[in-house]
Amino acid sequence: MIDIKLLRENPDLFYDSCKARGFDTKILDQFFQLDEKWREKLKTVNHLKHEKNTLSLEVSESVKAGRDPSDIKEKVREINTQIGTIESEQKDIDESRTKIVRLIPNLLDSEVPHCMTEDEAVLVKTWGKARVFQDDLDYFNKASNGMDYQLLDNRPASHVDLMQDLGLVDLERAAKTSGARFYYMKNRLVKLELALVNYAIDFLSERGFEVVEPPFMLNYKAMEGATDVETFKDTLYKIEGEDLYLISTAEHPLAAFFQDEILEESALPIRLAGMSPCFRKEAGSHGKDTKGIFRVHQFTKIEQFIYCRPEDSWDFFSELVKNSEDMFRNLDLPYRVVNICSGDLGNLAARKFDIEAWFPSQGKFREVVSASNDTDYQARSLNVRYRTKGGSKFVHTLNSTAVATTRTLVAIMENYQLKNEKGFQVPKVLVPYTGFETITL
RNA sequence: GCGGGGAUGGCCCAGUGGUACGGCGGCAGCCUGCUAAGCUGUUUCUCUUAUGAGAGCGAGGGUUCGAGUCCCUCUCCCCGCGCCA
């Protein structure tokens, strides 16, 4: 949630930010209308309550003095009915206003490129040597600004074919029991997944993160604080008859962990590594990545999360991106980093970098990591503060994928395919965790 | 699921229907060679700011001129019992 006071004092900041995001500024106009009304009602109500309080004391004095307080009581009763009507009007206004305020996106950081679509994201850097099939070379060179590559004679098998040929997944039966975008993962692929998870946990532990397995469901209040309406609408599964939602990422329970708390400044930064399944409806993505395990309703993810002081948050943003990059370097998966467009950021992030791995079979760079600095936006919604000499202030929160298992597994299967045999190699760094070096027939 | 006990400011804790007590911590100031101690003030949110006013005792209702206090519903925590991977 944005800072209402800042909005009142500096409307232009928000108008500019919303425009750059392609966000309709009408709701800002609506906010100011409602806010004006709300303050009027508040003034009236406060005035009436003051009268009421004064008269109530007079009742007590009357009784002590042995006088009959009936007429004063009658007056207060009249005031009470007035307060009742005006307060309920004020409450209605407040609810509409709050609804609107929660829709207003975070202020953009100045380094966010002003553009609208996924494809316009600005290239920040590239790493690694990609395996590129001839037909994809033009796209590859453009998308990577000429990063290092090795030309392939044949397009590698898709991860779907590979998994099915190797008996690593059963998608048909998953469709039968659960529907599209589900999977039964089997055999060595399960072990490889566990290896990824264990590797990520060890990696982040060494870098000062506390490992956390959070609740996989959150109630409405926590979820509303941790995320935005878009997520509710397009992403979240609700448990029927309960005030519970399945999490779509460990970010949300980790963000809500300190809800309504005040942290000591000396405790910051707090680095958490969350491990959880992620449940996503994927509404509105019909027709995209329909096959295999690239885009699914359920996957496991290790998530980095940081609480810090506002003045430090951009340093920690770099740290999160670096951690994720280092993991993909250690996995030896070629990637590029992009600075996400103002129009493609989502409501919470002030700035967002994605890491996109190269997928040789798809011939594309695809998102495997998303790192955001939410500044004080999420912390304000969740009311997470820290104590300073000048009083308590909202912390900044940041999050970044470390590893999302399914997508990373796809990246491994596409990048590590064997030449003369059906199958693929296990990245060196994972071998100590799997105990095997290849997955073949 | 059953029975009992709880929830009050950053923390701890008191509170026979009539301005929410006190302590600790934090902050500001005073004081003393330094430090510590001591003394004084202050401490949440909202609106308006010259001042001021309102709200706030787990959440939501109710009774009352007036509710931390009385009544109802719910949530969470602790203890015991039962059930259970």
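Is the crossing of helix 3 and helix 4 left-handed or right-handed? I will start there, then go through the rest of the chain. One caution before that: this is a predicted model.

The crossing of helix 3 and helix 4 is left-handed. The two axes come within 8 Å and cross at roughly 155 degrees. An angle over 145 degrees counts as roughly antiparallel, so helix 3 is roughly antiparallel to helix 4. Sorted by class, the contact of helix 3 with helix 4 has 18 nonpolar, 13 charged and 8 polar residues.

Next, the RNA. Which helices each supply at least two residues of the surface near RNA strand B? They are helix 3, residues 26-65, and helix 4, residues 70-103, the pair I have just described. Helix 3 gives the largest share of that surface, with 11 residues. There are 18 residues around RNA strand B, and those that come nearest are K49, H50, V59, K73 and V76. As for the classes, the surface near RNA strand B has 7 polar, 6 charged and 5 nonpolar residues.

Now the overall layout. Chain A is divided into two parts: domain 1 covers 4-103, and domain 2 covers 118-440. How far apart are the centres of domain 1 and domain 2? Taken over C-alpha atoms, 44 Å separate them. Where the domains touch, 4 residues of domain 1 are in contact with 4 residues of domain 2. On the domain 1 side of that contact there are 2 nonpolar residues, 1 polar and 1 charged.

I move on to a second helix pair, helix 8 and helix 14. Helix 8 is residues 187-206 and helix 14 is residues 405-415. Their axes lie 10 Å apart, and the packing angle is about 110 degrees. Angles of 65 to 115 degrees count as roughly perpendicular, and helix 8 and helix 14 are therefore roughly perpendicular to each other. Helix 8 passes helix 14 in a right-handed crossing, whereas the crossing of helix 3 and helix 4 is left-handed.

Which residues meet in this pair? From helix 8 they are L189, L192, E193, L196 and V197, and from helix 14 they are T405, T408 and L409. By class, this contact has 5 nonpolar residues, 2 polar and 1 charged.

Two backbone details remain, both in loops. The first is a proline. The peptide bond from L268 to P269 is cis, and its omega is near 0 degrees. P269 sits in the loop between strand 9, residues 262-264, and strand 10, residues 270-279.

The second is N145. Its phi is near 55 degrees, which is a positive value in a residue other than glycine. N145 is found in the loop between helix 5, residues 137-144, and strand 3, residues 149-152.

To go back to the opening question, the helix 3 and helix 4 crossing is left-handed, and helix 3 supplies the largest share of the surface near RNA strand B.

Note on methods
Residues are numbered from 1 along each chain as its sequence is written. Chains are lettered from A and ligands numbered from 1 in the order in which they are written. This is a predicted model: local features need pLDDT of at least 70, side-chain atom pairs count only at pLDDT 80 or more; totals for chains, interfaces and linings use all residues. Domain bounds come from an automatic or database domain assignment. Two residues are in contact if their C-beta atoms, placed from the backbone, lie within 7 Å. Ala, Val, Leu, Ile, Met, Phe, Trp, Tyr, Cys and Pro count as nonpolar, Asp, Glu, Lys and Arg as charged, and the others, Gly among them, as polar. A residue is near a molecule or strand if its C-beta atom, placed from the backbone, lies within 6 Å of it. Helices (H or I, at least four residues) and strands (E, at least two) are DSSP runs, numbered from the N terminus. Axes are lines fitted to C-alpha atoms, for helices over the stretch in contact, and angles run from 0 to 180 degrees between N-to-C directions. Angles under 35 degrees count as roughly parallel, over 145 as roughly antiparallel, 65 to 115 as roughly perpendicular and the rest as oblique. A crossing is left-handed if the near helix is turned anticlockwise from the far one by less than a right angle, and right-handed if clockwise.
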